[in-house]
Amino acid sequence: MTSLLHRWPGALALATLLLPAAHAEPPPARLVPEKSQIVFVSKQMGVPVEGSFRKFDARIAFDPKKPEGGSVALQIDTASAAFGIPMTDAELPKAPWFDAAHFPQAGFQTTAIKAFGDGRFEMAGKLTLKGIARPLTVPVTIAPAANGQSVASGSFVLQRIDYKVGDGEWTDTSVIANDVQVRFKLVVDGLGAP
């Protein structure tokens with residue numbers, strides 16, 4: 001007896017489309033860069049100084065209701081770092097700092113995502129900066145925003161010397177502190193409610 005699938009090969013394709021995928025990737029969401037920000041705060045001679053990255057993007061495949069199967073990959077244009085002070089901004093892309101000629105991109109790639117309820121998550125992964133990759137765990141809060149968008153925000157502290165940012169004579173942490181606070185607010189389309 002010939003089955004329907006043998007008589008009509010298209011039936012197999014149709015059945016595949018209709019069956020729910022057991023391990024389907026979450027649909028990709030889209031970062032809205034013009035509404036997002038990544039800020040870094042360092043202390044120079046004990047005084048906090050705030051800068052930001054002006055160019056960055058992300059690949060986001062993450063369902064807040066099933067975070068374990070999701071992934072986030074953030075790419076940052078290191079030449080876009082700026083404090084808003086022309087003389088200082090001209091130095092940031094140079095070798096002692098971000099060395100944008102050799103390392104044009106910094107990035108964070110998740111390896112695991114955990115949910116803690118109320119829109120709170122923990123994203124573990126690797127931060128790569130100046131070719132140095134180190135593990136990093138970032139607390140993230142996701143909240144609904146206007147027009148069906150979501151806002152992912154959080155902050156963490158990293159040690160700039162670990163990534164050779166401020167190398168050579170700039171390793172003196174009494175002039176520029178080792179700790180750098182990073183704050184982010186990423187506006188995302190298509191993420192879904194947490």
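This is a short talk on the largest pocket and two strand hairpins of a predicted model.

Okay, hi everyone. Keep in mind as we go that we're looking at a prediction. Let's start with the pocket.

So, how much space lies in the largest pocket? About 810 Å³. There are 42 residues lining that pocket, and the ones closest to its centre are Ile38, Phe53, Ile76, Phe156 and Val182. If you want to find them on the screen, those five are a good place to begin.

What kind of residues make up the lining, by class? Mostly nonpolar: 35 of them are nonpolar, while four are polar and three are charged. And which strand gives the most to the lining? That's strand S11, residues 176-189, which puts in six residues.

Now let's move over to the strands S7, S8 and S9. Strand S7 covers residues 105-117 and strand S8 covers residues 120-129, and the two pair antiparallel through nine bridges. To pick out one of those pairs, look at isoleucine 113: its bridge partner in S8 is methionine 123. Between S7 and S8 there are just two residues, making a hairpin, and in that turn aspartate 118 has a positive phi of about 55 degrees.

Keep following the chain. S8 also pairs with strand S9, residues 132-144, again antiparallel, and here 10 bridges join them. One example is lysine 126, whose bridge partner in S9 is proline 135. S8 and S9 form a hairpin too, with two residues between the strands, and there lysine 130 takes a positive phi near 55 degrees.

That's it from me. Thanks for listening!

Technical notes:
Residues are numbered from 1 along each chain as its sequence is written. This is a predicted model: local features need pLDDT of at least 70, side-chain atom pairs count only at pLDDT 80 or more; totals for chains, interfaces and linings use all residues. Side-chain values use heavy atoms; hydrogens and water are left out. On a 1 Å grid over the protein atoms alone, a cavity is a set of points where a 1.4 Å probe fits but cannot get out, and a pocket is an open set with protein on both sides within 12 Å along at least five of seven lines; lining residues have an atom within 4 Å of a point. Grid points are joined across faces, edges and corners, and a volume is the space filled by probe spheres set on the points. Helices (H or I, at least four residues) and strands (E, at least two) are DSSP runs, numbered from the N terminus. Ala, Val, Leu, Ile, Met, Phe, Trp, Tyr, Cys and Pro count as nonpolar, Asp, Glu, Lys and Arg as charged, and the others, Gly among them, as polar. Two strands pair if DSSP finds at least two bridges between them.
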